[in-house]
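Student: Could you take me through one part of this model closely, with the aromatic pairs as the way in? I would like some whole-chain context before the details.

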Amino acid sequence: MREVIARLDRRPIQVRLLLAALVLFSFPAFFLSLNKAGKLDHSWSSATIWVKSADCARRTKAILAICQGDRLLPIADVSAGDDPGPPLVLDLYAALSGAVVTETDVSKVNTILNYVGLVSLAGLLFRLRLPFLSFLVLTVGAVIANKLHSLGPHPGHLGVACLVALLPLAILGAPSTAPSRASWWLSMIAGLLGLAVGMVFREAIGLMGVVAALLALGVSYFCSLVKMRHAGLAHLVVLVATVLTISTPYYILRARDAAFDIAPSTRMEQHGAWHNLYIGLGVVENPFGIVWNDDEGVRAVKEVSPGTLYLSAEYYSILKRKYFEIVLHHPIEVITIYLKKVMKALTTYNMIYLLIIVAGVFAWARLSLARYSTGWSSYDAVFSVSAVFVAAFLGQAALFHYTELYLFPVKIFLVLLFGVMVEILLALARAGRFEPASRQA
């Protein structure tokens, strides 16, 4: 009888429970988040420029541009160094609907991005046969998403983190479900689309996804996780496509220039890292007299070249040289600064205790489960990918800033680590419960 119960297909029940969580929890939380937009104060200087760009798009259909008389200027001429995702969505909405965009719509874009990311991640986890983890993402993930609202781009980075995690999770997790060839390729395409969207909305998090995907491809290939013909060629195709997603913002901007005859901006049209790397040395006490402030970068560049345009290619080049001068001549001091920032980040959300407990329990449970089931599993996929993203966010905190404004997307990976620990303990309990019956048979 136990064997019969163990073999019963419970997925219809799980689907109903998941749909109930979606309808009773996620949807109401989504609408609450949308309603929050009208109660927020102006908090991001670029938001005003994004609204002007959307108004220009409404009148001319040109995206990521500013109308100046009869001319179209790249949006980066007045709002340099921003990721193009939020203004791109606002511009497309205004151009297609003819609606007037306001700053409150910035928050609505964040909400939509977050919930698209959460639902997509929950769907993939359910497909990987991790229903409890999927339920956690829909419920706890929604609570996390609704904790941070502003009229700037940062709240939407939670959704970005969910989307860029799809590809590495699919690469490592899908083989454990024995998918068909078509199903495997659909998973890869969905993951690559999520990665491309992530690159447009937050380049730094998108690059984390690229690194995680490349590591996942390496593990998948060398461990022969994918059981199909021409697996090596399939991995190569996904690898090339993954690297190409890095250029997604560039291709969008060049398509804009060609379609609307706009000269490329003299400023950086994407996020440049060297400004933040340089001023990032000033987040904590340091011997260089640097402080975490945009004006610090301007001051450092003016010392070298007073006429350099702010956030131009030359501006970033100067800060790159100054950064490496400090790193090469004062490596011990720089390492000390980075260690201080990592320790600060680890104290956020009591992360260090959670990581120690989860790692210990998961390692014990995984070794115990190996007695009943060998080989790679979806538990390994989720644990590995989540650990890579946690490490990446800690690395970002070390290099730039440990503030929660940048760090809070790591919460979703802490949820995944906790949830996969519970999932593997449940699997271990089920395996132990039905082992005697299987032996009797």
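**A helix and its ring pairs**

Tutor: Happily, and let us begin with the overall fold. The protein has 20 helices and two strands, where both are DSSP runs numbered from the N terminus, a helix (H or I) having at least four residues and a strand (E) at least two. Its radius of gyration is 24 Å, close to the 22 Å that the globule rule gives for 441 residues, so the protein is as compact as a globular protein of that length; the radius is taken over C-alpha atoms, and the rule is 2.2 Å times the number of residues to the power 0.38.

This is a predicted model, in which local features need pLDDT of at least 70 and side-chain atom pairs count only at pLDDT 80 or more, while totals for chains, interfaces and linings use all residues. Residues are numbered from 1 along each chain as its sequence is written, and side-chain values use heavy atoms, with hydrogens and water left out.

Along its principal axes, the C-alpha trace spans about 85 × 55 × 45 Å. Of the 441 residues, 51% are buried; buried means under 20% relative accessible area, exposed over 50%, and partly exposed in between, with a 1.4 Å probe and protein chains only. Taking contacts (heavy atoms within 4.5 Å) between residues at least 6 apart in sequence, 76% join residues at least 24 apart.

Now for the close look, which centres on H13. The structure holds 14 aromatic pairs, counted when rings of Phe, Tyr or Trp (its six-membered ring) have centres within 6.5 Å; planes under 30 degrees apart count as stacked, over 60 as edge-to-face and the rest as tilted. One of these pairs is Trp274 with Phe324: the ring centres are 5.4 Å apart and the planes stand at 55°, so the pair is tilted. This pair links distant parts of the chain, with Trp274 in helix H13 (residues 273-280) and Phe324 in helix H15 (residues 313-329), 50 residues apart. Both partners are partly exposed: Trp274 has a relative accessible area of 23%, and Phe324 has 34%.

A second pair brings together Tyr315 and Tyr316, whose ring centres are 5.7 Å apart with planes at 90°, so this pair is edge-to-face. Here both partners are buried, Tyr315 at 2% relative accessibility and Tyr316 at 6%.

Back in H13, six of the eight residues are buried, so this helix is largely enclosed by the rest of the structure. The buried residues are His275, Asn276, Leu277, Tyr278, Ile279 and Gly280. They pack against helix H14 (294-304), H15, helix H16 (331-347) and helix H18 (378-399). H15 therefore meets H13 twice in this account, through the packing of the buried residues and through the Trp274 and Phe324 ring pair.

Elsewhere, ring pairs link Phe30, Phe31 and Tyr115 into a cluster. For another buried site, turn to Asn110 in helix H5 (residues 104-127), which has 5% relative accessibility. Leaving aside residues up to four places away in sequence, Asn110 touches Ser150, Gly152, Pro153, Pro155 and Gly156.
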